[in-house]
Amino acid sequence: MDVPHLTQALQSGDRRALARAITLVESGRDDHRDLALKLLAGLDPARQALRIGLSGTPGVGKSTFIETFGLMLTARGLRVAVLAVDPSSARSGGSILGDKTRMEMLSRDARAFIRPSPSQTHLGGVARRTRDAVRLCEAAGYDIVLIETVGVGQSETVVAQMADLFVLLLAPAGGDELQGVKRGIMEMADLILVNKADGDLKSAAQRTCADYAGALRLLRHRPQDMDGYPLAMTVSALDAVGLELAWDRMRTLADWRAAQGIAAGTRADQARHWFRHDLRAEMMALLTRDPALAARLATLENAVAAGSLSPAAAARAALAPLTVTPQATAAVVP
């Protein structure tokens, strides 16, 4: 693969090049990973987009919201990229990748790009290489990157580590109004949007929104929030009601954070988080890639299964060959 040619095509806004680049960074092959790192290193860091993470339980209307919201943004002249993560089979690792088919109108919009990816059983609601895909979308010139999580519960907070804004979609009368006082996904959200505020559910949506607004007032104030945030409001993705106001609230918070220097600090903290995340993944890959280390790991696993060794002791023994002296560390750290 000609990485310089792919990089040039990607940064010129070629959608096919973007699709090929995302396929490359998602590949698990070692040779593809080397090419992906070269590609990512050659991207212009000055190209940045507003990253919006979206989560919510299944059936809340995430795909409908993203399509209606995305069409509203493209109508304003903005380029929108959607990274939709689908749940994967624990057996085969595959998924039905149905998000793109549910966004039929947005997928035909020339100013939009939709990329469904299997989560491959990765916890946190996002695929392992979603953050790399976000960088590729920014390099391709997209103004807004929407990251849709799998959406299976309160563990969907990893997306907050790669987004500038975290939006939580909720359904009216879902029976979980008291979840608002729990720590977890609620205190990660910047905006809570109660969807399906239309028809017979409109009054229920308004009551649900009031319940969550009250719950948000009980949470501790966060330094990254301006007055009035986080906030809860009702929207209807079906009737396209409340979306312009929601976008105005998102943009207001994002602009305030940028002016205060909070946005840059958040991205720096996120970069540190993903460095530690990739470091742990590379260490596990190293343990399984080397035949001698892999055999040692299998022996330790059998000892744990037999009960002759505790998991904690086995983990320490597995990492013993990787232990380095302070002098060796100083020799490789720039």
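I22 has many neighbours in this predicted model. Setting aside residues up to four places away in sequence, I22 touches L83, F113, R115, A133, L136 and C137.

**Two nonpolar cores**

I22 belongs to the largest nonpolar core, which has 46 residues. It is among the residues with the most contacts inside that core, together with L10, L18, L136, V145 and I192. Helix α2, residues 15-26, gives the most to this core. Its share is six residues. A second core is separate and has 34 residues. L50, Y229, L231 and A254 are included in this second core.

**The chain as a whole**

How many helices and strands does the protein chain have? The protein chain has 14 helices and seven strands. Its length is 334 residues, and 43% of them count as buried. Take the contacts with a separation of 6 or more: residues 24 or more positions apart account for 76% of them. The chain exposes about 17100 Å². Carbon and sulfur atoms supply 56% of that area.

**Aromatic pairs**

The count of aromatic pairs comes to three. One of them joins F69 and W247. Their ring centres are 6.1 Å apart and their planes stand at 70°, so this pair is edge-to-face; the cut-off for that class is over 60 degrees. The pair links distant parts of the chain. F69 sits in helix α4, residues 62-75. W247 sits in helix α10, residues 243-260. The two are 178 residues apart. F69 counts as buried because its relative accessibility is 1%, and the cut-off for buried is under 20%. W247 counts as buried too, at 5% relative accessibility.

Another pair is formed by F113 and Y142. This pair is tilted, with 6.2 Å from centre to centre and 45° between the planes. It also links distant parts of the chain, 29 residues apart. F113 lies in strand β3, residues 112-118. Y142 lies in the loop between α7 and β4, the strand of residues 144-148. Both F113 and Y142 are buried.

F113 also brings the text back to the first core, as F113 is one of the residues that I22 touches. Y142 has a charged partner: R79 lies over the face of its ring, at 4.0 Å from the ring centre. Elsewhere, ring pairs link F65, F69 and W247 into a cluster.

**Helix α11**

Helix α11 covers residues 262-289, which makes 28 residues. From its first C-alpha to its last it reaches 40 Å. That is close to the 40 Å expected at 1.5 Å a residue. Which residues of α11 are buried? They are R267, Q270, W274, H277, A281 and L287. These buried residues pack against four elements: β1 (50-56), α7 (130-139), α12 (291-306) and α13 (311-319).

**Backbone details**

A cis peptide bond joins Y229 and P230. Its omega is about -5°. P230 is placed in the loop between α9 and β7, the strand of residues 231-234. Y229 is also included in the second core.

Two residues have a positive phi although neither is a glycine: K196 and A240. K196 is in the loop between β6 (191-194) and α9. A240 is in the loop between β7 and α10. Are these residues buried or partly exposed? K196 counts as partly exposed because its relative accessibility is 30%. A240 counts as partly exposed because its value is 47%.

| Residue | Phi | Relative accessibility |
|---|---|---|
| K196 | K196: about 65° | K196: 30% |
| A240 | A240: about 60° | A240: 47% |

**D211**

D211 has its place in helix α9, residues 202-216. D211 counts as partly exposed because its relative accessibility is 41%. A232 lies 21 residues from D211 along the chain. The C-alpha atoms of D211 and A232 are separated by 9.2 Å.

Methods:
Residues numbered from 1 in each chain as written. Predicted model: local features only at pLDDT ≥ 70, side-chain atom pairs only at ≥ 80, totals over all residues. Heavy atoms only, no water. Expected span 1.5 Å × (residues − 1). Buried < 20%, exposed > 50% of the residue type's maximum accessible area, 1.4 Å probe, protein only. Contact = heavy atoms within 4.5 Å. Core = buried A, V, L, I, M, F, W, Y, C linked by side-chain atoms within 4.5 Å. Areas by Shrake-Rupley, 256 points an atom, 1.4 Å probe, with all protein chains shown as cover. Phe/Tyr/Trp six-rings, centres within 6.5 Å; stacked < 30°, edge-to-face > 60°. Lys NZ or Arg CZ within 6 Å of the ring centre and 35° of its normal.
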